[in-house]
Amino acid sequence: MSSYASILTQILSNITLYIDYITLIFGTIGGICNLITFTSRQMRQSAAVFYLLYGTIFQLLTILYCVSMRLFYDRSGSNLQNESSIFCKLRYYFVVTLPALASYYMFLATLDRCFCTSINVKIRAWSQIKIAKRLSIVMPIVGFIISIHIFILYDIYNNLCQIKPGSIYTFIFTGYLIVIVTFLPNILMLIFSLITVSAVRNSRQRVNTTNRVNSMPNRQRPQRLELKLIKIIVIQVILNVLLSLLRLGSYSYNIITNSISNPTINQRTAAGFAISLGGSLYFFSYAIPFYASMISTKYFRDIFYQRILLFYRRCLRQFI
């Protein structure tokens with residue numbers, strides 16, 4: 001191995017280790033704090049919060065399972081993945097399915113905000129808590145069923161946990177991973193976020209115009225909670241899209257490198273660096289929603305502080 005490849009490998013090991021530890025520690029704390037905030041009485045008045053609540057649950061599961069695997073199994077030197085067929089299947093099945101469900105719940109929250117700000121009454125009718133409850137229950141069932149092909153077709157071949165070499169499923173799985181799991185939910189979130197932001201701006205313009213003519217307020221204007229949720233969701237969407245694009249870029253670089261007939265060891269090392277760093281940043285995106293909401297939205301901070309104060313008083317009362 002060349003000195004360049006050795007240095008890059010060492011840098012990769014240190015960077016991804018630190019990112020994964022930060023993701024595991026701060027992501028777990030942030031996920032729990034999100035659950036505390038989203039279960040408050042004020043937040044439960046919105047349909048989007050149900051999607052955010054379920055999304056937070058799957059973000060936590062993603063961090064606790066996927067990142068823990070990266071930290072403790074991959075660095076332990078264990079070969080169980082290449083020895084146990086069940087472990088091989090379960091690992092890849094959950095590593096793909098859990099983050100995909102977290103992303104699609106965020107998409108549903110974005111879609112709900114788009115419905116909520118629509119000027120069409122029939123479209124706004126889709127932004128209801130009872131609909132959110134039903135979709136929140138149906139989503140994981142659909143997600144686990146759609147991904148079942150991973151559990152079936154991943155197995156141990158040539159002493160490695162992989163898809164059968166030479167199988168056409170290799171290309172199908174790559175397309176599924178890039179398009180369905182990564183690209184589609186993020187592009188949909190971005191599109192509906194732009195539509196929502198545009199609808200809010202148009203609503204404010206209509207309100208300003210109405211107020212000039214009539215002193216009565218416009219009742220169609222979104223309520224305070226709905227506007228604050230829009231801000232929270234749009235910021236999270238922007239961060240998710242940016243970090244997911246980095247992952248797509250790393251996969252693209254890896255594919256380009258592997259397409260070269262005789263890639264050098266430096267090229268292979270660089271491709272491994274890109275894909276490993278992209279994976280770490282991808283999982284890191286599930287660790288930052290709480291902190292992004294705390295920094296950007298005072299309404300969210302106030303509710304979180306109220307919940308913490310409430311828990312503190314209850315615990316203090318029980319202790320006394």
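Buried here means under 20% relative accessible area, exposed means over 50%, and partly exposed is in between, using a 1.4 Å probe and protein chains only. With that in hand, the buried residues of helix α10 are Pro289, Phe290, Ala292, Ser293, Met294 and Ser296. Helices (H or I, at least four residues) and strands (E, at least two) are DSSP runs, numbered from the N terminus.

This is a predicted model, in which local features need pLDDT of at least 70 and side-chain atom pairs count only at pLDDT 80 or more, while totals for chains, interfaces and linings use all residues. Residues are numbered from 1 along each chain as its sequence is written, and side-chain values use heavy atoms, with hydrogens and water left out.

**Disulfide and other cysteines**

- There is one disulfide in the structure, and a disulfide here is a pair of cysteine sulfur atoms within 2.5 Å.
- The partners are Cys88 and Cys161, with their sulfur atoms 1.9 Å apart.
- Cys88 sits in helix α3 (residues 85-116) and Cys161 in strand β2 (residues 160-163), so the bond ties together parts that are 73 residues apart in sequence.
- The torsion about the S-S bond of Cys88 and Cys161 is about 80°, so this disulfide is right-handed.
- Cys88 counts as buried because its relative accessibility is 0%, and Cys161 is buried too, with a relative accessible area of 8%.
- Cys114 is in no disulfide, and the nearest cysteine sulfur, that of Cys116, is 9.9 Å away.
- Cys114 counts as buried at 12% relative accessibility, and Cys33 counts as buried at 13%.

**Cavities**

- Searching the whole structure turns up three cavities of 30 Å³ or more.
- A cavity is a set of points, on a 1 Å grid over the protein atoms alone, where a 1.4 Å probe fits but cannot get out, and lining residues have an atom within 4 Å of a point.
- Grid points are joined across faces, edges and corners, and a volume is the space filled by probe spheres set on the points.
- The largest cavity has a volume of about 50 Å³.
- Its lining is made up of Asn34, Phe38, Tyr51, Leu52, Gly55, Thr56, Gln59, Met106, Gln236 and Pro289.
- Two elements, α1 (3-38) and α2 (47-73), give two or more residues to the lining of the largest cavity, and α2 gives the most, with five residues.
- By class, the lining of the largest cavity has five nonpolar, five polar and no charged residues.
- For these classes, Ala, Val, Leu, Ile, Met, Phe, Trp, Tyr, Cys and Pro count as nonpolar, Asp, Glu, Lys and Arg as charged, and the others, Gly among them, as polar.
- The second largest cavity has a volume of about 50 Å³, and Ala102, Ser103, Asn186, Asn240, Ser244, Tyr282, Ser285 and Tyr286 line it.
- For the second largest cavity, the elements that give two or more lining residues are α3 and α8 (224-259).
- Three nonpolar, five polar and no charged residues make up the lining of the second largest cavity.

**Nonpolar core**

- A nonpolar core is a set of buried Ala, Val, Leu, Ile, Met, Phe, Trp, Tyr and Cys residues joined through side-chain atoms within 4.5 Å.
- The largest one holds 61 residues, and Met43, Ile150 and Phe173 touch the most other members.
- Helix α3 gives the most to this core, with 15 residues.
- Contact means heavy atoms within 4.5 Å.
- Leaving out residues up to four places away in sequence, Ile150 touches Tyr92, Tyr93, Val96, Tyr169, Phe173 and Tyr176.
- Phe173 belongs to helix α7 (residues 169-213) and counts as buried at 8% relative accessibility.
- With the same sequence neighbours left out, up to four places away, Phe173 touches Val96, Ile150, Tyr154 and Ile163.
- From C-alpha to C-alpha, Phe173 and Leu153 are 9.8 Å apart in space, and they are 20 residues apart in sequence.

**Back to helix α10**

- Six of the eight residues of α10 (residues 289-296) are buried, so this helix is largely enclosed by the rest of the structure.
- Pro289, one of the buried residues of α10, is also among the residues that line the largest cavity.

**Two asparagines in a loop**

- Asn158 is in the loop between β1 (154-157) and β2, with phi near 55°, a positive value in a residue other than glycine.
- Asn159 is in the loop between β1 and β2, and its phi is near 65°, again positive in a residue other than glycine.
- Asn158 is exposed, with a relative accessible area of 61%, and Asn159 is exposed at 63%.

Key:
On a 1 Å grid over the protein atoms alone, a cavity is a set of points where a 1.4 Å probe fits but cannot get out, and a pocket is an open set with protein on both sides within 12 Å along at least five of seven lines; lining residues have an atom within 4 Å of a point.
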